[in-house]
Amino acid sequence: MTTLWLVRHGQTDWNLTGRWQGQAAHAPELNDAGRAQALAIRDQLKNVRFTAMYCSDLLRSRQTAELIAEPFGLPVNLEPRLREINLGVWEGMLSDDIQAQFPQELLMRAQDPLHARAPQGESPLEVATRVYAALDEIAAKHPGETVLIIGHGVSLAVIICRVEGIPPEYVYKCVPDNAKPHRVEWE
């Protein structure tokens, strides 16, 4: 069993404005509040003895991890399978615009959250498949150790659902807040 501390990246301006980020290549970096959140997490976790740190390769996750990593003296291992859900054509769009242009797709998402996907995107089930494979490899490298994972809303929510026995259909209700640590055991 491996202990995982899950942390969602710090805040970005898109979080504030309701713009959907997903894996958008042009998504913004952490804003001042997001950098402060990362530093606060670093202070909050300063007494935890991490043996490794892994993060998504997306900018906001990398920036969060780099700010947290400094006092731990650990390298930040980039793991692309920890990326946020691919939101396809919704990436970069505002919530109101998605609602106006894609009401049927949003209805399908509400009715079948585990399998529904944005146009040209992926489903939470697909996210879970790649994230679980990554965590299985990480746990195999670090059995009985404590590892810090910096990820994203849905990529962390699928983990929380699995380890806490929450039906995966509730994935969107398990999305953690920005920069709030969540401790789990991975077997």
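Visitor: How far apart are aspartate 32 and arginine 35 in helix 2?
Guide: Aspartate 32 and arginine 35 are three residues apart in helix 2 (residues 32-44), so about one helical turn separates them. Helices (H or I, at least four residues) and strands (E, at least two) are DSSP runs, numbered from the N terminus.

Visitor: What kind of model is this, and how are the residues numbered?
Guide: This is a predicted model, in which local features need pLDDT of at least 70 and side-chain atom pairs count only at pLDDT 80 or more, while totals for chains, interfaces and linings use all residues. Residues are numbered from 1 along each chain as its sequence is written, and side-chain values use heavy atoms, with hydrogens and water left out.

Visitor: Back to that helix. In what do the side chains of aspartate 32 and arginine 35 meet?
Guide: They meet in a salt bridge, with 2.5 Å from N to O. A salt bridge is a side-chain nitrogen of Lys or Arg within 4 Å of a carboxyl oxygen of Asp or Glu. Side chains of opposite charge can pair when their charged atoms come close.

Visitor: Is aspartate 32 buried or exposed?
Guide: Aspartate 32 is exposed, at 60% relative accessibility, whereas arginine 35 is partly exposed at 31%. Buried means under 20% relative accessible area, exposed over 50%, and partly exposed in between (1.4 Å probe, protein chains only).

Visitor: How many salt bridges are there?
Guide: The structure holds eight salt bridges. In one of them, glutamate 70 pairs with arginine 42, and their closest N and O atoms are 3.5 Å apart.

Visitor: Which parts does that pair tie together?
Guide: Glutamate 70 is in the loop between helix 3 (59-69) and strand 3 (76-78) and arginine 42 is in helix 2, so the pair links parts that are 28 residues apart in sequence. Glutamate 70 is exposed, with a relative accessible area of 62%.

Visitor: New topic. How many disulfides does the structure hold?
Guide: The structure holds zero disulfides, a disulfide being a pair of cysteine sulfur atoms within 2.5 Å.

Visitor: Why is there no bond between cysteine 161 and cysteine 174?
Guide: The sulfur of cysteine 161 has its closest cysteine sulfur in cysteine 174, but the 3.7 Å between them is too far for a bond. Cysteine 161 is buried, at 3% relative accessibility, and cysteine 55 is buried at 0%.

Visitor: And the nonpolar core? Which residues touch the most other members?
Guide: In the largest nonpolar core, of 34 residues, Leu4, Leu6, Trp90, Leu135, Ile149, Val158 and Ile159 touch the most other members. Elements giving two or more residues to this core include strand 1 (2-8), helix 6 and helix 7 (153-164). Another core, of 17 residues, lies apart from it, with Ala65 and Leu148 among its members. A nonpolar core is a set of buried Ala, Val, Leu, Ile, Met, Phe, Trp, Tyr and Cys residues joined through side-chain atoms within 4.5 Å.

Visitor: What about serine 123, where is that found?
Guide: Serine 123 is in the loop between helix 5 (103-111) and helix 6 (124-141). Serine 123 is buried, with a relative accessible area of 3%.

Visitor: Which residues is serine 123 in contact with?
Guide: Leaving aside neighbours within four places in sequence, serine 123 is in contact with Ile85, Leu114, His115, Ala116 and Arg117. Contact means heavy atoms within 4.5 Å.
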